[in-house]
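I opened this notebook to record what I looked up in one structure. The entries follow the order of my queries.

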Amino acid sequence: MAVPRLLLAAALVLLLLAVGALPRGADAQLSAGFYSASCPAVHGVVRQVVSQAVMNDSRSGAAILRLFYHDCFVNGCDASVLLDDTPATPGEKGAGANAGGSTFGFDLIDAIKTQVEAACPGTVSCADILALAARDSVNLPATPRHVYLPLTRACQLSEQLGGPSWAVPLGRRDATFPNATGAATDLPGPGSDLDRLVAAFAAKGLTSRDLAALSGAHTVGMARCLSFRARAYCDDNVSPAFASQMRGACPASGGDDAAAPLDAATPGEFDNGYYRNLVAGAGLLHSDQELFNNGPLDALVRLYSANGAAFSSDFAASMVRLGNVGPLTGSAGEVRLDCRKVNSS
Ligand code: HEM
């Protein structure tokens, strides 16, 4: 009697899989309520530490957001980017787009991790902390609230400054090794053309709509002269006024580290100003302007430039998809106790 019942159950599972009713693959194992029983405090702890950091330096939010993207694009969202170099294994921090760039924010992740460990020892992965901190960085106001503003304006701005929010699927585990080679190859550089950008995102299972929406992260933060010099002096799809602004901020030689805002119009707001810049030929990076350069993404850029709500909702959805890129789940990897090193070191 037991055998036919077993067969029946197996047939049912196969049928459910065939119609897509059962979760398949690692992504399906992430869930927003993953720490509901084991560490409900994690959400408040992460938000509080990020909030304090953003109050002190609005750039820290941008750094965390970029760090999350750089983590997910290299071996998936597994906190591999947080591992320090060891004598035997070079980490990702000095490789490719991470090298010398603005992927600081490691100290902030350490500060969050210390407090999360105090609340729930050995429970929350560094990869999940990074995913939560990235969401909170976007959603929290990017401008310190203690800046003086006339009362009526302050009310308006406090509603406008924060970007979208979303429920962050959780349950990722941490990598036990970095991938410096992947960091050098998988993150497209600022000189990339549209084909290269689309291909880099496709390689991670992300669409060109994801590319267009996630690039809107460049509504906050800064880039170094090194990253936009070629655009300032060589590109012809740039508005003359913006070209001279760029040249003022970035000499033709030297001054590689001089920084300029990625969204010069509204640098402190997580808004759709980035897309308005693109439509005006005022994207800071060559790769930014590629999204609006008489190509297939022009219409989407126009939509986002005119409709902030459309951008917000697409950005939130694409951040969830970015967070689903190749996570370690179940018993794979580990929950690191110190985000900078694997537990066995
Ligand atoms: C589409 C391909 C992308 C390229 C080519 C690119 C390139 C860059 C470059 C060159 C910088 C400046 C680095 C420097 O000069 O130090 C930068 C900064 C930044 N990127 Fe991207 N990026 C891309 C996508 C993304 C995505 C998907 C996100 C997040 C979802 C993101 C978030 C940021 C942020 C927030 C900053 C500012 C960081 C800071 O101020 O410290 N980027 N990016």
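**Entry 1. D71.** I began with burial at D71. The model is a predicted one, and in it D71 counts as buried because 29 C-beta neighbours fall inside 10 Å. I then looked up its element and found D71 in helix α3, which covers residues 59-72. For contacts I set aside the neighbours within four places in sequence; D71 is then in contact with C77, A79, S80, V81 and L130.

**Entry 2. The annotation around D71.** I checked the UniProt record next. Its unreviewed entry places a "binding site" feature at D71, V74, G76, D78, S80 and E92. These positions span 22 residues in sequence, yet no two of their C-alpha atoms are more than 13.0 Å apart, so they gather at one spot. One of the contacts of D71 is S80, and S80 is itself listed in that feature.

**Entry 3. V74.** Where does V74 sit? I found V74 in the loop between α3 and α4, the latter being residues 106-119. Buried or exposed was my next query for V74. V74 counts as buried, because 30 C-beta neighbours lie inside 10 Å. Not counting residues up to four places away in sequence, V74 touches S80, V81, E92, N179, G182, A183 and D186. Among these, S80 and E92 also appear in the UniProt feature. S80 and V81 turn up in the contact list of V74 and in that of D71.

**Entry 4. N75.** I looked up the backbone of N75. Its phi is near 65°, a positive value in a residue other than glycine. I noted the background: most residues other than glycine have a negative phi. N75 is found in the loop between α3 and α4, where V74 also lies. With 21 C-beta neighbours inside 10 Å, N75 counts as buried, since the cut-off is 20 or more.

**Entry 5. A second annotated group.** UniProt, again in an unreviewed entry, places a "binding site" feature at T219, D263, T266 and D271. I asked why these could be treated as one place. They span 53 residues in sequence, but no two of their C-alpha atoms are more than 9.7 Å apart, so they gather at one spot.

**Entry 6. T219 and D263.** I took T219 to start with. T219 is placed in the loop between α9 (208-214) and β1 (222-224). T219 counts as buried because it has 28 C-beta neighbours inside 10 Å. Leaving out residues up to four places away in sequence, T219 touches D263, F270, D271, G273 and Y274. Of these contacts, D263 and D271 are named in the UniProt feature.

I then took D263. D263 is in the loop between β2 (259-261) and α12 (273-279). D263 is buried, as 27 other C-beta atoms lie within 10 Å. Aside from neighbours within four places in sequence, D263 is in contact with H218, T219, V220, G273, Y274 and N277. G273 and Y274 are in contact with D263 and with T219.

**Entry 7. A243.** I looked up A243 and found it in helix α11, residues 240-249. A243 counts as partly exposed because 17 C-beta neighbours lie inside 10 Å. Its contacts, leaving aside neighbours within four places in sequence, are A232 and V238. I also noted the pair A243 and A282: they are 39 residues apart in sequence and 8.0 Å apart in space, C-alpha to C-alpha.

**Entry 8. N294.** Phi of N294 is near 60°, again a positive value in a residue other than glycine. N294 lies in the loop between α13 (286-289) and α14 (298-306). N294 counts as exposed, because it has 6 C-beta neighbours inside 10 Å, whereas N75 is buried.

**Entry 9. Whole chain and confidence.** I finished with the totals. The protein has 15 helices and two strands. Of its 345 residues, 43% are buried. Among contacts between residues at least 6 apart in sequence, 78% join residues at least 24 apart.

The mean pLDDT is 87, and 85% of the residues reach 70 or more. Over residues 1-28 the pLDDT is below 50, and this stretch has 10 contacts in the model beyond near neighbours in sequence. Over residues 144-161 the pLDDT is also below 50, with 12 contacts counted in that way. Where pLDDT is low, predicted coordinates should not be read in detail, and I left it there.

Terms used
Residues numbered from 1 in each chain as written. Predicted model: local features only at pLDDT ≥ 70, side-chain atom pairs only at ≥ 80, totals over all residues. Helix = DSSP H or I, 4+ residues; strand = E, 2+ residues; numbered from the N terminus. Buried ≥ 20, exposed ≤ 12 C-beta atoms within 10 Å, placed from the backbone. Contact = placed C-beta atoms within 7 Å. UniProt positions renumbered as here; feature names shortened; annotations may be inferred. pLDDT = per-residue confidence, 0-100.
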